[in-house]
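Here is a brief report on one protein model. Please look over the sequence and the fold before reading on.

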Amino acid sequence: MNREPSPEHDEIARQVIGAAIEVHKELGPGFLESVYEHAMEAEFELRGMIFRRQHVIGVEYKGLPVGEGKLDFLVQDAVVVELKAVEALAPVHTAQVISYLKATKLQLGLLINSNVPLLKAGIKRIVLTG
């Protein structure tokens, strides 16, 4: 079953992307991921967005707790946001977001790589289907 996220969740993602573009416009590429994370937190606050930073999630295996994961951001309890500052996004980065979506039972995630000249090239929308 392939489902697209609700229009409300897409709107949250659009707002996140707008915040990320503003941060990238101000800072540009080249900083460590933690710098972009702090700047995104500030931008979310300036925009009045509801979010959790470094949100801890439980990971289960066959119903048993086996560890934890940390989301860079959980925005409005609906969209997972994972930030990177790498030369290029790798399949493991996508797999990480998919795993976070499965663990949270959410459907929409954004993978944002700030180490690009134009941020549009560093944004990947990930939808958990099925």
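The text below covers the nonpolar cores, the aromatic pairs, two backbone angles and the main pocket.

**Nonpolar cores**

This is a predicted model. Its largest nonpolar core has 22 residues. Those with the most contacts inside this core are Val16, Met40, Phe44, Phe73, Val75, Val81 and Ile112. Five elements each supply at least two residues of the core: helix 1 (7–27), helix 2 (33–46), strand 2 (64–75), strand 3 (79–84) and strand 4 (108–113). Helix 1 gives the most, with six residues.

Valine 81 shows how such a residue is placed. Leaving aside neighbours within four places in sequence, valine 81 is in contact with Val16, Asp72, Phe73, Val75, Leu110 and Ile112. Val16, Phe73, Val75 and Ile112 are also listed among the residues with the most contacts inside the largest core.

Another core lies apart from this one. It has ten residues, among them Ile57, Leu71, Leu101 and Leu111.

**Aromatic pairs**

A search of the whole structure finds four aromatic pairs. Two of these pairs are set out here.

| Pair | Geometry | Centre to centre | Angle between planes |
|---|---|---|---|
| Phe44 and Phe51 | tilted | 5.3 Å | 50° |
| Phe51 and Phe73 | edge-to-face | 5.8 Å | 65° |

Which residues do ring pairs link into a cluster? They are Phe44, Phe51 and Phe73. Phenylalanine 51 takes part in the tilted pair with phenylalanine 44 and in the edge-to-face pair with phenylalanine 73. Phenylalanine 51 lies in strand 1 and phenylalanine 73 in strand 2, so their pair ties together parts that are 22 residues apart in sequence.

Are these rings buried or exposed? Phenylalanine 44 has 0% relative accessibility and so counts as buried. Phenylalanine 51 has a relative accessible area of 19%. The cut-off for buried is under 20%, so phenylalanine 51 falls on the buried side. Phenylalanine 73 is buried as well. Phe44 and Phe73 are also among the residues with the most contacts inside the largest core.

**Two positive phi angles**

Glutamine 54 has a phi near 50°, a positive value in a residue other than glycine. This glutamine lies in strand 1. At 29% relative accessibility, glutamine 54 counts as partly exposed.

Lysine 105 is not a glycine either, yet its phi is positive, at about 60°. Lysine 105 lies in the loop between helix 3 and strand 4. Its relative accessibility is 74%, over the 50% cut-off, so lysine 105 counts as exposed.

**The largest pocket**

Lysine 105 also helps to line the largest pocket. This pocket has a volume of about 200 Å³. The rest of the lining is Gly58, Val59, Glu60, Gly69, Ser99, Tyr100, Lys102 and Ala103.

Which element gives the most to this lining? It is helix 3, with four residues. Strand 1 (51–61) and helix 3 (91–104) each supply at least two lining residues. By type, the lining divides into three nonpolar, three polar and three charged residues.

**In brief**

Helix 1 is the main contributor to the largest core, while helix 3 has that role in the lining of the largest pocket. Strand 1 holds phenylalanine 51 of the aromatic cluster, holds glutamine 54 with its positive phi, and supplies at least two residues of the pocket lining.

Technical notes. Residues numbered from 1 in each chain as written. Predicted model: local features only at pLDDT ≥ 70, side-chain atom pairs only at ≥ 80, totals over all residues. Heavy atoms only, no water. 1 Å grid on protein atoms, 1.4 Å probe; cavity = no way out; pocket = protein on both sides within 12 Å on 5 of 7 lines; lining within 4 Å. Points joined across faces, edges and corners; volume = space filled by probe spheres on them. Nonpolar A, V, L, I, M, F, W, Y, C, P; charged D, E, K, R; others polar. Core = buried A, V, L, I, M, F, W, Y, C linked by side-chain atoms within 4.5 Å. Buried < 20%, exposed > 50% of the residue type's maximum accessible area, 1.4 Å probe, protein only. Contact = heavy atoms within 4.5 Å. Phe/Tyr/Trp six-rings, centres within 6.5 Å; stacked < 30°, edge-to-face > 60°.
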